Amino acid sequence: MMKYIICILLGCLGKDITAQSNLDALLHRYTDNSVPYISIEELIMCKDEAVVLDSRSKKEHAVSHIATSIFVDYENFNLDTFKKIYPNQNTLIVVYCSVGVRSHATGKKLINAGYKNVKNLYGGIFEWKNKNLPIINRNAIETDSLHIYSEQWSKYSKNAINVF
């Protein structure tokens with residue numbers, strides 16, 4: 001009986017480990033690790049002192065986003081405007097997107113501009129929602145809808161109503 005229970009537990013744990021290793025592989029493939037990651041738990045602990053940037057598209061942000069985040073638009077990120085609003089280059093800046101690829105690119109731009117405390121949210125908004133943390137829509141109403149960047153990325157979203 002005990003052997004059966006251990007097998008069941010290891011099977012369950014194995015799925016989580018596999019999901020994380022798949023995400024690790026994806027991030028390793030599309031990023032160069034020059035922007036350090038911050039976990040969801042670490043962000044929650046320092047959320048009040050962090051500037052959280054949503055670097056997804058306007059359409060994705062409208063469907064849902066992390067409540068305290070600032071939309072910066074991955075494709076049209078204006079570094080000069082950002083520097084005027086946030087001149088302190090020691091500010092903790094946490095950038096996120098769907099899973100962490102586009103936010104890596106935005107984070108790199110900030111680091112190259114001299115910002116010293118830039119982090120990429122590991123797993124992005126998908127991981128945020130996977131941990132059942134709240135997201136809001138364009139009307140600031142909590143929602144379970146999450147814009148899935150593409151069909152390919154949908155496998156990383158577990159606890160949301162996927163919107164394409």
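Ala140 counts as exposed, at 55% relative accessibility. This residue is found in the loop between β6 (135–136) and β7 (142–143), and its phi is positive, about 65°, although Ala140 is not a glycine. A positive phi in a residue other than glycine also occurs at Asp73, where the value is near 60°. Asp73 is placed in the loop between β3 and α4; with a relative accessibility of 18%, Asp73 counts as buried. These values, like those that follow, were computed from a predicted model.

The mean pLDDT of the protein chain is 88, and 87% of the residues reach 70 or more. Over residues 1–18, by contrast, the pLDDT is below 50, and this stretch has 0 contacts in the model beyond near neighbours in sequence. The protein chain comprises 6 helices and 9 strands. Of its 164 residues, 43% count as buried. The chain exposes about 9,300 Å², of which carbon and sulfur atoms supply 55%. Among contacts between residues at least 6 apart in sequence, 67% join residues at least 24 apart.

An open sheet of 5 strands is present, in the order β1-β5-β4-β2-β3 and with parallel pairing. The edges of this sheet are formed by β1 (37–38) and β3 (70–71), each of which pairs on one side only. Strand β2 (residues 50–54) pairs with β3 in the parallel sense over 2 bridges. Asp54 has Phe71 of β3 as its bridge partner. Both of these residues recur in the surroundings of His61: leaving aside residues up to four places away in sequence, His61 touches Asp54, Arg56, Ser69 and Phe71. His61 itself is placed in helix α3 and counts as buried, at 15% relative accessibility.

Helix α5 (residues 102–112) lies across three strands of the sheet, namely β2, β4 (92–96) and β5 (118–121), and runs at about 150° to β4. The buried residues of α5 are Arg102, Ser103, His104, Thr106, Gly107 and Leu110. In general, residues three or four places apart in an α-helix point the same way, because the helix has 3.6 residues a turn. The packing partners of the buried residues of α5 are β2, α3 (58–63), α4 (79–85), β4 and β5. The helix is followed by Gly114, which has a positive phi near 105°.

Within α5, the surroundings of His104 were examined individually. The relative accessibility of His104 is 4%, so this residue counts as buried, the limit for that class being under 20%. When residues up to four places away in sequence are not counted, His104 touches Thr31, Asp32, Asn33, Ser34, Val35 and Asn120.

The aromatic residues were considered next. The count comes to 7 aromatic pairs. Tyr37 and Tyr122 form one that is edge-to-face, with 5.6 Å centre to centre and 80° between the planes. This pair links distant parts of the chain: Tyr37 belongs to strand β1, whereas Tyr122 lies in the loop between β5 and α6 (124–130), and the two are 85 residues apart. Tyr37 is partly exposed, with a relative accessible area of 26%; Tyr122 counts as buried, at 18% relative accessibility.

The pair formed by Tyr149 and Trp153 is tilted, because the ring planes stand at 50°, with the ring centres 6.1 Å apart. Tyr149 counts as partly exposed, at 45% relative accessibility, whereas Trp153 is buried, with a relative accessible area of 9%. Both residues belong to one aromatic cluster, which is formed by Tyr30, Tyr149, Trp153 and Tyr156.

Definitions and conventions
Residues numbered from 1 in each chain as written. Predicted model: local features only at pLDDT ≥ 70, side-chain atom pairs only at ≥ 80, totals over all residues. Heavy atoms only, no water. Pairing = 2+ DSSP bridges. Helix = DSSP H or I, 4+ residues; strand = E, 2+ residues; numbered from the N terminus. Contact = heavy atoms within 4.5 Å. Axes fitted to C-alpha atoms, helices over the stretch in contact; angles between N-to-C directions. pLDDT = per-residue confidence, 0-100. Buried < 20%, exposed > 50% of the residue type's maximum accessible area, 1.4 Å probe, protein only. Areas by Shrake-Rupley, 256 points an atom, 1.4 Å probe, with all protein chains shown as cover. Phe/Tyr/Trp six-rings, centres within 6.5 Å; stacked < 30°, edge-to-face > 60°.
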